Amino acid sequence: MLTDDERSHLQEHVARYPERRAGAIYVLQFLQEKFGHLNDDALAEASGLCGLSITQLDELVTFYSLLLRRPAGRTVLRICDSIACHLAGAPRLLAEAERLTGAPLGDVSEDGAVTVMPHVCLGLCDRAPAALAGEREVGGLDTASLGELIASLRAEAEG
Amino acid sequence: MGTFYLDDQAIPFDDGDNVIEAAWAAGVAIPHFCYHPALGSVGACRLCMVELQPAGEGDRPRTLAACMLKAQDGMRLSLEAQRAVAARQSVIELVLANHPHDCPVCDAAGECHLQNMTVAVGPAYRRYEGTKRTFVNQFLGPLIWHDMDRCITCYRCVRYYQDYTLGTDLGALGSRNRVYFGRATDGPLESPFAGNLVEVCPTGVFTDKVFRRHYSRVWDLQTAPSICPHCSVGCNTLPGARAGTLRRVTHRPNQRVNEWFICDRGRFGHRYTESPQRPLRARIDGHEDELVDVLDAVSERLADAQGVVAGLGSVREDMEGNAALRSLMAAMGGWYSAHASPDLEAAIAEAAAASDAAPTLAEIADAGAALVVGDLTGQAPMMDLAVRQVVRAGHPLIVLHSVPAALAAHAVQALSLAPSELAMALTTLRRRIEKPKSRANATLKAVSETLAQAQRPVVLGVAETLGAAGCRALAQLAQAAKARLAFALPGANAFGTALLSRPGDAERVLRSVESGEADSLIVLGSDPFGSDPGAARWRATRSRLKLLVVLDCVATETARQADAFIPLAALAERAGTFVNYGGLAQGFTQVYARQETLPDPYTAVSELGHMVGLARIRRNAEILAYKYLDRPPQPGRTGIQVEPGAYTHLRASAEADFKQVASPSGRWQAALMTWYGDGPLAAFAPELSTLAPSRAACIAPGQGGKADPPEGVTVRLRGPLGELSLPLRYEPACAKDAVGLDRAAMAALGVSEGEGVEWEPQP
Amino acid sequence: MEPVLSRNFHLPQPPGLAEYRAGGGYENLKAALDRRPADMIEMVDKTHLRGYGGAGFPLARKWKARGPDAPHPRYLVMNVDETEPGSFKDRQLLYRDPHQVIEAVLVTGFIEQADHAYVFVRGEYAEGARRLEQAVAEAREAGLVGHNVLGSGFDLDIDVHLSAGRYICGEETALLNALEGRRGNPRAKPPMPFEKGLWGAPTLVHNIETLCHVPYIVSRGPEWFNAQGINGGHGTKLYSVCGEVQHPGFWELPMGTTARELLYDHAGGPLEGQELVAFLPGGASTSFLLPEQLDTPMQFDAVAAAGSRFGTCGIIALGSTTCPVEFLIGINKFFARESCGFCTPCRDGLPYLQSLLERIEAGQGKPGDPDLLLELCAKIAPNSFCPFAPGAIMPLESGLKVFRDAIQDHIDRGACPYGGAR
């Protein structure tokens with residue numbers, strides 16, 4: 001549940017636009033940050049704030065790649081597989097990540113620490129192969145540093 | 001205005017036309033998927049590509065989507081140019097890449113736009129050898145079947161559902177080649193117009209789930225032009241039957257009435273014809289017999305009767321049947337009314353009299369503002385859909401309602417008023433428009449301003465809810481606001497029955513039965529001893545009647561109580577005429593014949609007349625039925641507008657004094673809660689009926705004084721005729737002091753809209 | 001060359017307001033506020049400044065198309081949706097000098113007499129958006145943003161909008177839909193955004209790099225700007241190079257710097273033991289240039305004359321040990337996945353191409369496949385709804401010709417001569 005302050009903040013944000021729905025992306029990002037992913041409760045809150053039905057919100061959530069409709073690990077590790085990173089070995093890193101987490105791409109690792117997904121060009125082409133761990137940029141990955149990264153994300157989750 | 005050239009054929013156009021529209025009007029069909037005349041152009045499918053020949057030196061020819069291309073004078077286009085042909089064939093190849101090619105088992109085969117376009121455009125063979133993307137389908141309710149693998153992603157369904165009907169529970173999910181048209185979760189589609197998806201979808205993604213259960217290939221169906229029998233809009237339909245059973249109903253396009261769509265009651269409410277409860281055999285004194293023998297027995301009893309005979313027609317029966325009954329009663333010296341309820345008769349007369357310039361649905365859709373009084377969605381769903389177009393265009397909608405009304409969610413101003421307060425509010429509004437300084441509360445002031453400032457305003461009312469006084473007040477308001485006016489009347493032929501009625505008919509019939517003067521009653525297609533309006537007084541007369549003869553096509557309570565029962569052909573099994581809310585008389589014709597012998601009412605009543613020695617009933621009925629038209633309307637053709645002469649007659653009916661609705665005794669007033677799938681015929685459609693709201697007595701919260709009783713508690717309701725227990729449900733949109741009840745509850749209690757009820761929670 | 005846009009890039013942290021001003025920041029804004037918008041439009045017109053977001057449309061022409069009499073409200077949108085593979089220059093502007101970005105918005109907003117500005121930042125640049133929001137707050141406090149900018153009587157507030165992803169949102173009409181809280185499908189043109197954009201109002205959308213040049217142009221003049229370029233180019237350019245080179249990176253250099261200088265002098269040439277086989281000069285959605293074209297000046301006209309597209313000028317290099325079919329698969333995979341799904345040729349055509357490329361790489365290519373690929377490409381590009389698919393087809397169509405022999409080799413051998421996909 002949103003706190004009263006949080007709800008007022010979102011109501012104010014939504015009121016800034018000629019149409020309430022223009023505030024939907026911000027509201028959804030806020031709720032995702034708070035709940036970890038956009039579960040049914042989060043969408044119910046968003047619906048009240050933006051004047052969109054659950055289906056209409058789902059239209060947005062399923063279109064935009066940074067919005068998560070299903071539970072994700074504590075950190076979402078997005079490994080770029082666009083051309084520069086592909087050339088630098090992204091496919092192998094993605095396969096290795098699946099092996100290390102024990103979960104297919106897009107699923108949550110058993111310990112809930114991480115979800116790994118391929119992602120579009122992150123604008124880190126000079127540091128290929130690159131990834132976003134949550135909002136943190138990681139460049140120059142290889143299987144070893146990927147292993148360390150995943151291990152540290154698991155340790156973070158535990159602690 | 002101008003001319004462009006398509007493969008050297010000159011095509012005229014009006015300013016603003018796009019190429020596909022202008023070509024269509026000139027008889028040239030440009031292949032397309034996503035374009036639809038009601039939904040407009042979005043340019044998604046890219047099938048309608050035409051080549052634009054270069055206008056100037058150095059320009060290259062290029063391909064453009066005809067649906068998005070505004071026609072320009074002198075423009076030279078080609079459908080047949082190699083580039084355009086290749087573009088179109090490429091689109092077909094691409095949409096078929098993932099297609100399951102399951103035509104042999106797909107319901108849409110034979111009327112599938114994808115099939116038609118593939119055959120018209122080519123190529124005939126597939127060469128894609130990759131994997132096909134597939135989906136998991138959803139349960140979308142009892143009426144619509146979902147099969148996403150067939151989707152060509154034309155977006156028509158969501159453009160129809162969200163943009164056209166303002167629905168919110170069907171959307172475009174996902175992206176790229178995995179776009180999925182569905183709901184956030186499985187469950188019945190909420191829109192009263194969801195059924196049109198079946199026809200809007202150019203492939204077999206959305207198909208008629210009810211039709212599916214007793215399927216026929218569409219080319220094996222018998223079809224003929226018909227008119228929907230469920231409400232006063234008179235949508236044009238095309239029922240499809242096979243082997244003597246009705247299988248489905250689809251729309252028939254008619255720009256003057258329903259344009260391209262019908263509502264779900266019209267589409268799925270036909271199932272009464274196949275209901276196991278449908279009475280298909282004539283009955284006398286509780287046992288089945290041959291029709292001719294039952295008619296004979298009835299004619300004998302009528303001849304032997306001590307008292308006079310009375311006849312009760314119906315708003316849901318055709319002109320011919322009602323006219324035949326009236327002629328028979330006249331010839332026998334008896335009494336006739338088309339309406340069981342004097343109040344309703346007066347309301348219909350008042351409403352019909354004011355409807356001489358009633359707007360068509362298209363004209364409603366084009367309004368610059370709309371005022372709606374009553375729950376339009378339950379009574380005339382397609383009028384509701386027309387009002388949604390007003391909202392879509394960004395124009396104001398005002399709704400006055402006593403019970404929750406779906407349209408209120410889209411209104412700029414919505415007012416809950418108990419039924420007895422509606423007429424007064426309308427009068428106040430009228431006065432305020434005539435004299436802008438006259439007194440009114442803040443909300444009514446705002447409403448009157450909205451109306452006064454609007455261009456092309458339209459005013460719509462539910463006649464049954466308004467009553468005669470309310471209808472008159474609404475008509476006066478419309479005149480003051482220079483607004484076009486239409487009423488949702490209670491029945492497919494309510495306007496027609498108003499033409500056949502004289503002021504006071506219903507009261508005279510009731511009094512004749514109540515006093516014992518009439519001891520025989522012939523009831524055609526109505527339910528005075530069940531849940532028709534007016535049942536309260538009628539029920540009390542049953543014991544006085546020595547002979548009750550009922551003619552109907554459904555198993556009503558009245559039919560159950562009949563001494564003699566004549567089963568009638570269902571509406572699609574016979575020919576007849578209905579007159580819609582705007583005075584448009586439309587003919588429907590027989591689509592199919594059942595195995596059993598079932599007459600139409602005109603024939604049955606005329607035959608009865610013949611048997612009592614009256615030979616001219618048939619002829620008189622014919623004259624009477626078409627009195628206000630120059631000729632009977634031909635099925636499948638444009639209807640005939642009732643002559644202005646008829647309105648004089650109606651106005652005379654209307655100007656007669658009507659009984660003022662008594663102020664309700666006590667605090668609470670009954671208010672009718674109906675829904676788009678409700679109705680005496682539609683109640684026998686099992687699939688549609690599963691969507692009916694659960695029965696309850698509804699009130700607005702916060703009226704309980706100290707504390708509201710908890711939701712769901714059983715309340716005992718009391719009315720003049722009886723008592724009834726129902727669960728309590730809170731609906732904030734109910735008017736103060738109003739109790740929302742369904743039709744059966746109101747009949748059981750013996751109350752009409754605005755009449756008093758008592759209720760209390762059960763311990 | 002004197003750094004212009006990158007003058008603060010060397011700092012360990014982006015400069016705050018005080019530091020930015022100490023280095024001459026917001027002086028250009030002051031200069032602009034003293035000029036007339038019509039005059040500044042003429043100044044920019046003389047520089048031939050074109051959009052650096054990929055489309056390359058001349059900025060002054062866009063302003064003139066909207067004209068001075070457009071109704072209000074008017075919106076200015078700065079596009080920081082940089083997702084073109086190979087392009088990472090906009091990131092630098094956002095992350096390393098947010099006040100420069102704000103100054104660009106303010107100057108452009110004044111020229112356009114806009115009522116409100118949005119900076120649309122791709123969601124993956126969240127940290128950059130945060131830095132920009134902080135800078136906007138600083139600037140607002142100092143009377144630079146919002147009501148009565150620097151006492152000029154001109155009002156302009158700036159909202160930073162963080163997107164929720166997808167490459168298509170970089171296309172200006174899809175961006176408008178995303179800003180309005182809708183799915184990011186592009187819109188039909190006409191109407192143009194400068195006629196009907198955000199919520200039906202006149203809207204102008206520009207790339208961040210394009211706008212960052214405007215304050216300098218209006219302050220120092222078009223002659224100065226034009227003189228910064230070489231080989232027929234004007235002004236400076238943030239170039240980026242990535243792919244199979246020794247030192248991928250970005251540099252601000254004179255517009256018109258040759259590909260050879262970028263790839264070899266700055267990016268260190270191909271990887272150890274490899275040769276340069278080909279390069280995409282303007283990001284993924286451009287066609288290949290070959291080693292014999294290395295002396296092409298990297299500016300709009302010269303690249304077009306060489307048969308490709310300047311785009312965002314994010315150069316992607318292909319070395320000699322990578323299978324070119326795999327390269328094309330990597331490129332096409334991106335586009336097939338990023339298709340918004342609105343129109344048939346893009347949505348269903350790109351995956352079809354992918355299936356053919358993959359079977360070729362897997363050694364299952366059929367003799368007709370190269371022609372089938374070219375045939376499909378020729379039908380996808382001209383028939384799509386928006387420029388996404390034509391962009392997607394460019395590298396593929398070009399690669400099918402340039403690497404025809406290698407592709408044929410895959411088919412003849414029934415295997416990838418490079419050893420298969422990595």
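**Entry 1: C:Phe288 and its partner**

I looked up C:Phe288 and found a buried residue, its relative accessible area being 6%. I note here that the model is predicted. I then turned to C:Phe327, which counts as buried because its relative accessibility is 0%, the limit for a buried residue being under 20%.

I next examined the two rings together. The centres of C:Phe288 and C:Phe327 lie 5.7 Å apart and the planes stand at 50°, so I entered the pair as tilted. I recorded that this pair links distant parts of the chain, 39 residues apart. C:Phe288 sits in the loop between strand S7 (276–280) and helix H12 (300–305) of chain C, whereas C:Phe327 belongs to helix H13 of chain C.

**Entry 2: Other aromatic pairs**

I checked how many aromatic pairs the structure holds over all chains. The count is 36. One of them joins B:Phe578 to B:Phe588; I read 4.8 Å from centre to centre and 40° between the planes, a tilted pair. B:Phe578 lies in strand S26 (residues 576–579) of chain B and B:Phe588 in strand S27 (residues 584–588) of chain B, so the pair ties together parts ten residues apart in sequence. Are these two residues, B:Phe578 and B:Phe588, buried or exposed? I found both to be buried.

I also followed a cluster linked by ring pairs, whose members are A:Tyr17, C:Tyr75, C:Tyr118 and C:Trp199.

**Entry 3: Where chain C meets chain A**

I then looked up the interface of chain C with chain A. On the side of chain C, 53 residues are in contact with 35 residues of chain A. The two chains bury about 3700 Å² between them, and 56% of this area is on carbon and sulfur atoms. I noted the area because the size of an interface is often given as the accessible area lost when the parts come together.

For charged and polar links, I recorded six salt bridges between chain C and chain A. Among them I inspected the one formed by A:Glu135 and C:Arg130, in which the closest N and O atoms are 2.7 Å apart. I also noted 22 residue pairs in polar contact between these chains, both residues at pLDDT 80 or more.

**Entry 4: The side of chain C that touches chain A**

I asked which elements of chain C give two or more residues to this side. They include helix H5 (89–96), helix H7 (126–141), strand S3 (157–162), strand S8 (314–319) and helix H13 (324–338). H13(C) gives the most, with eight residues. I finally sorted the residues of this side of chain C, which divide into 23 nonpolar, 14 polar and 16 charged.

Terms used. Residues numbered from 1 in each chain as written. Chains lettered and ligands numbered in written order. Predicted model: local features only at pLDDT ≥ 70, side-chain atom pairs only at ≥ 80, totals over all residues. Heavy atoms only, no water. Contact = heavy atoms within 4.5 Å. Buried area = accessible area lost by both parts, 1.4 Å probe. Salt bridge = Lys/Arg side-chain N within 4 Å of Asp/Glu carboxyl O. Polar contact = N/O pair within 3.5 Å; in protein donor to acceptor, adjacent residues only side chain to side chain. Helix = DSSP H or I, 4+ residues; strand = E, 2+ residues; numbered from the N terminus. Nonpolar A, V, L, I, M, F, W, Y, C, P; charged D, E, K, R; others polar. Phe/Tyr/Trp six-rings, centres within 6.5 Å; stacked < 30°, edge-to-face > 60°. Buried < 20%, exposed > 50% of the residue type's maximum accessible area, 1.4 Å probe, protein only.
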